[in-house]
Amino acid sequence: MFPDHIRELAAKLLAEYELAGYTLATAESCTGGLIAGALTDIAGSSKVVDRGFVTYSNVAKSEMLGVPPSLIHAHGAVSAEVAVAMAVGALAKSKADVTVAVTGVAGPGGGTPEKPVGRVYIATAVRRGAAKHKEYTFPGDREAVRLATVQAALERLRTARPETAIR
């Protein structure tokens, strides 16, 4: 279902998290659940994956993750601020030690000069640690942007580590 390089990355991440005793949750907008899908495509992922939130609409971001509508209004759904709020909200609404959140413009439409097609914000949040975010601009069509986002999110999860996992 997923390209081999994404499956391999997901398997490595899951093995690392299982060894460390970490669990994770995803909060996804532009990927529509593909990150959780890539992780749960690997047998045994239930030892690590707590849950996934697909919050495609702004209302869902607010209702499911507690993202303030005023934040979305001020910065737009595709923004670092909203990505961080999504990651922090997923942490608050789950039992996960680490969360990743993505929001972006997958295309083919919807881009603007300030936020072109391919612009994606990825944020991670950890228990007892600071949330971090990064801006990307991925080339290609909708599928390419979404798969690049999945890969980048998995890579970001590999570097996100709680100072002390809460059990």
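Which residues does Leu157 touch, not counting residues up to four places away in sequence?

## Leu157 and the largest core

In this predicted model, Leu157 is in contact with Leu13, Tyr17, Leu24, Val98, Thr99 and Val100, once residues up to four places away in sequence are set aside. Leu157 also belongs to the largest nonpolar core, a set of 32 residues in which the members with the most contacts are Tyr17, Leu24, Ile35, Leu39, Ile122, Leu154 and Leu157. Two or more residues of this core come from each of α1 (4-20), α2 (34-40), β3 (98-104), β4 (119-126) and α6 (142-159).

A second core, separate from the one just described, has 20 residues, among them Val82, Ala85, Met86 and Ala123.

## Helix α5

Helix α5 covers residues 80-92, and its end C-alpha atoms lie 18 Å apart, which agrees with the 18 Å expected for 13 residues at 1.5 Å a residue. The buried residues of α5 are Ala80, Val82, Ala83, Ala85, Met86, Ala87, Gly89, Ala90 and Leu91.

## Aromatic pairs

The model contains two aromatic pairs. Tyr17 and Tyr22 meet edge-to-face, with 5.6 Å from centre to centre and 85 degrees between the planes, and both of these tyrosines are buried. Tyr136 and Phe138 are instead stacked, at 5.1 Å centre to centre and 15 degrees between the planes. Tyr136 counts as buried because its relative accessibility is 15%, under the 20% cut-off, and Phe138 likewise counts as buried at 14%.

## Annotated span

An unreviewed UniProt entry lists residues 8-159 as "domain: CinA C-terminal". The end C-alpha atoms of this span are 16 Å apart, and the span is 43% helix and 21% strand.

Conventions:
Residues numbered from 1 in each chain as written. Predicted model: local features only at pLDDT ≥ 70, side-chain atom pairs only at ≥ 80, totals over all residues. Heavy atoms only, no water. UniProt positions renumbered as here; feature names shortened; annotations may be inferred. Helix = DSSP H or I, 4+ residues; strand = E, 2+ residues; numbered from the N terminus. Core = buried A, V, L, I, M, F, W, Y, C linked by side-chain atoms within 4.5 Å. Buried < 20%, exposed > 50% of the residue type's maximum accessible area, 1.4 Å probe, protein only. Contact = heavy atoms within 4.5 Å. Expected span 1.5 Å × (residues − 1). Phe/Tyr/Trp six-rings, centres within 6.5 Å; stacked < 30°, edge-to-face > 60°.
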